[in-house]
Structure formats: structure tokens, C-alpha cells
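Welcome! Here is a short, friendly tour for anyone meeting this structure for the first time. Take a look at the picture, then follow the points below.

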Amino acid sequence: MNFFERVYFHNTVLDYAIFLGALILSAALIFVIGRIVLRHIAARNEKAQTPYGEFLLSGIKRYLLPVAYFSAFYYCTRILTLDDKLTKIVSGISVLFAIFMAAMFLASLASYFFGKLGK
């Protein structure tokens, strides 16, 4: 029996290697693309000096990048064969994370606009 064909928890070692490779690759891509986008927006914000540039930068750092990392993890777990119970747990955590991030984003948006309204 080949090493990569050994089965642990209904997945082969090759499945785990593919999972880790996809997770590392997607995290690296998100990191690089995030840096490029943040630098581009920061450069435009320096030229334009709009109040929305800082809001956009902080929104990407606080909300979009964590959601992208979590989404990458979630979709990489779909590579593996998980028990029904564990699949339900991962799905439940995903829904809770999405609700939490959406609530934080909406609270931040409301705070920003009501702060602007008060000035």
C-alpha cells in the first residue's frame, strides 16, 4: 500500500495533502491580491483626498479580507470527506460567521453615516 493511499477518517493522505496545498495557495493568493488592492486604493486616496478612501481601506481590512480567508478555508474543507455531523458543524459555524461579519459591517456603516450626518 502506497503512503498516499492510506486512509484516515475517510480521507486518503493525498486528500489531506491536496487540502493543505489548496489552503496554503488560496491564503497566499488572498494575501498578495489584498496587498495589491490596498496599495492601489491607498495611492488613489492620497491623490483624491476623499473621506471615503479611508473608510474603504478599513472596510477591506476589517471585513473583506477575513471573509475571503474564511471562505477559502470553507471551500477547501469541501475537498475532504467529512462526517455528516462535522459537515453540519462546519456549515453552522459558517452561517454564524457570516451573520457576525454582516452585523459588524452594518454597524460600522451606520456609525460612519450617522457620524457624517451629525457633522
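Phe-4 sits in the segment that comes before strand S1 (7-8). In this predicted model, Phe-4 has a relative accessible area of 41%, so it counts as partly exposed. From there, we can move on to the surface patch, the helices and the loops.

**The surface patch**
- Phe-4 has company: together with Phe-3, Leu-14, Ile-18 and Ile-79, Phe-4 makes a nonpolar surface patch.
- The area of this patch is about 450 Å².

**Helix H1**
- Helix H1 covers residues 13-48, which makes 36 residues.
- At 1.5 Å a residue, H1 should span 52 Å, and the C-alpha atoms at its ends are indeed 52 Å apart, so the two values agree.
- Which residues of H1 are buried? They are Val-13, Phe-19, Ser-26, Ile-30, Gly-34, Leu-38, Ile-41 and Asn-45.
- Residues three or four places apart on an α-helix point the same way, because there are 3.6 residues a turn.
- The cover over the buried residues of H1 includes S1, S2 and H2.
- Just after H1 comes Gln-49, with a positive phi of about 55°.

**Helix H2**
- Helix H2 holds 27 residues, 51-77.
- Its expected span at 1.5 Å a residue is 39 Å, and its end C-alpha atoms lie 39 Å apart, so here too expectation and model agree.
- Where is the kink in H2 centred? Look at Ile-60, where H2 has a kink of about 40°.
- Ile-60 is also one of the buried residues of H2.
- Others on that buried list include Gly-53, Phe-55, Leu-57, Gly-59, Tyr-63 and Leu-65, as well as Ala-72, Tyr-74, Cys-76 and Thr-77.

**Two serines in helix H3**
- Ser-94 belongs to helix H3, which runs over residues 84-118.
- Is Ser-94 buried or exposed? With a relative accessible area of 14%, Ser-94 is buried, because buried means under 20%.
- Setting aside residues up to four places away in sequence, Ser-94 touches Phe-70 and Tyr-74.
- Ser-108 is placed in helix H3 as well.
- Ser-108 has a relative accessible area of 19%, so it also counts as buried.
- Apart from its neighbours within four places in sequence, Ser-108 is in contact with Phe-55 and Tyr-63, and both of those partners are among the buried residues of H2.

**Where two loops meet**
- Thr-81 is found in the loop between H2 and H3.
- With 44% relative accessible area, Thr-81 is partly exposed.
- Which residues does Thr-81 contact, leaving aside its neighbours within four places in sequence? Its partners are Phe-9, His-10 and Asn-11.
- Thr-81 and Phe-9 are 72 residues apart in sequence, while their C-alpha atoms are 8.2 Å apart in space.
- Phe-9 lies in the loop between S1 and strand S2 (11-12), and His-10 lies in the loop between S1 and S2 too.
- Phe-9 is exposed, because its relative accessibility is 72%.
- His-10 is exposed as well, with a relative accessible area of 58%.

**Positive phi angles**
- Most residues other than glycine have a negative phi.
- Phe-9, which is not glycine, has a positive phi near 55°.
- His-10 likewise takes a positive value, with phi near 70°.

Methods
Residues are numbered from 1 along each chain as its sequence is written. This is a predicted model: local features need pLDDT of at least 70, side-chain atom pairs count only at pLDDT 80 or more; totals for chains, interfaces and linings use all residues. Side-chain values use heavy atoms; hydrogens and water are left out. Patches are made of residues with over 30% relative accessible area and no salt bridge: like charges are joined within 9 Å, nonpolar side chains (Val, Leu, Ile, Met, Phe, Trp, Tyr) within 5 Å. Accessible areas come from the Shrake-Rupley method with a 1.4 Å probe; for residues, only the protein chains shown count as cover. A salt bridge is a side-chain nitrogen of Lys or Arg within 4 Å of a carboxyl oxygen of Asp or Glu. Helices (H or I, at least four residues) and strands (E, at least two) are DSSP runs, numbered from the N terminus. Buried means under 20% relative accessible area, exposed over 50%, partly exposed in between (1.4 Å probe, protein chains only). The expected span of a helix is 1.5 Å times one less than its number of residues. The bend at a residue is the angle between axes fitted to the seven residues ending there and the seven starting there. Contact means heavy atoms within 4.5 Å.
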